[in-house]
Amino acid sequence: MAGVRQGGVISPALFSVYLDGLITKLAGDKLGICYGNQYLGCFLYADDIILLSLTLKTLQNMLDVCVIMLRDLDLLLLISKSSFSRVGARCNNPIIPPSINNDQ
């Protein structure tokens, strides 16, 4: 696949335009965090995607949407370059973390 040049000045903007449909889909499905009428569940920068969710179930649903849409665009989410963080009073409680393509 031909992509935008790594480190190019315009590359982050092109990536965001390319993936605008992903944000539209997540917001339309009401997946992620909203503040008033503002959707704050997905942020894109350079070749990074940040997903914000109040629940693990919703986060998993967001990841599933991302995998499907990115596959259609010939892009992949790499678990080796992904991370997961929790905040709040129960952040140390044991959980099964979200997965990408059923990989932990």
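Two strands count as paired when DSSP finds at least two bridges between them. Keep that in mind for the hairpin coming up on this tour of a predicted model.

**Whole chain.** Start with everything shown as cartoon. You should find three helices and four strands, and walking from the N terminus the order is α-α-β-β-β-β-α. Now colour by burial: of the 104 residues, 23% are buried. Switch on the surface and you're looking at about 7800 Å² of accessible area, with 56% of it belonging to carbon and sulfur atoms. As for contacts between residues at least 6 apart in sequence, 48% of them join residues at least 24 apart.

**The hairpin.** Select residues 42-45 and 48-51, which are β3 and β4. These strands run antiparallel and pair over four bridges. Two residues sit between them in the hairpin, and if you click on Ala 46 in the turn you'll find a positive phi of about 50°. Then pick Cys 42 and look across to β4: its bridge partner there is Leu 51.

**The core.** Keep Cys 42 and Leu 51 selected and add Leu 19, Leu 26, Met 62 and Cys 66; these six have the most contacts inside the largest nonpolar core, a set of 18 residues. Which elements give two or more residues to this core? They are α2 (20-28), β3 and α3. Of the contributors, α3 gives the most, with seven residues.

Zoom in on Leu 26 next. Beyond its close sequence neighbours, Leu 26 touches Leu 31, Tyr 39, Cys 42, Leu 51, Met 62, Val 65 and Cys 66.

**Along α3.** Stay with this helix, residues 56-72, and select Gln 60. Is Gln 60 buried or exposed? Its relative accessible area is 19%, and the cut-off for buried is under 20%, so Gln 60 counts as buried. Show its surroundings, setting aside neighbours within four places in sequence, and you'll see contacts with Pro 98 and Ser 99.

**Out to the surface.** Last stop: select Phe 43, Ile 50 and Leu 52, which make a nonpolar surface patch of about 250 Å². Leu 52 belongs to the loop between β4 and α3. Why does Leu 52 count as partly exposed? Because its relative accessibility is 33%, which falls between the 20% and 50% cut-offs.

Definitions and conventions
Residues numbered from 1 in each chain as written. Predicted model: local features only at pLDDT ≥ 70, side-chain atom pairs only at ≥ 80, totals over all residues. Heavy atoms only, no water. Buried < 20%, exposed > 50% of the residue type's maximum accessible area, 1.4 Å probe, protein only. Contact = heavy atoms within 4.5 Å. Areas by Shrake-Rupley, 256 points an atom, 1.4 Å probe, with all protein chains shown as cover. Core = buried A, V, L, I, M, F, W, Y, C linked by side-chain atoms within 4.5 Å. Patch = residues over 30% accessible without salt bridge, like charges linked within 9 Å, V, L, I, M, F, W, Y side chains within 5 Å. Salt bridge = Lys/Arg side-chain N within 4 Å of Asp/Glu carboxyl O.
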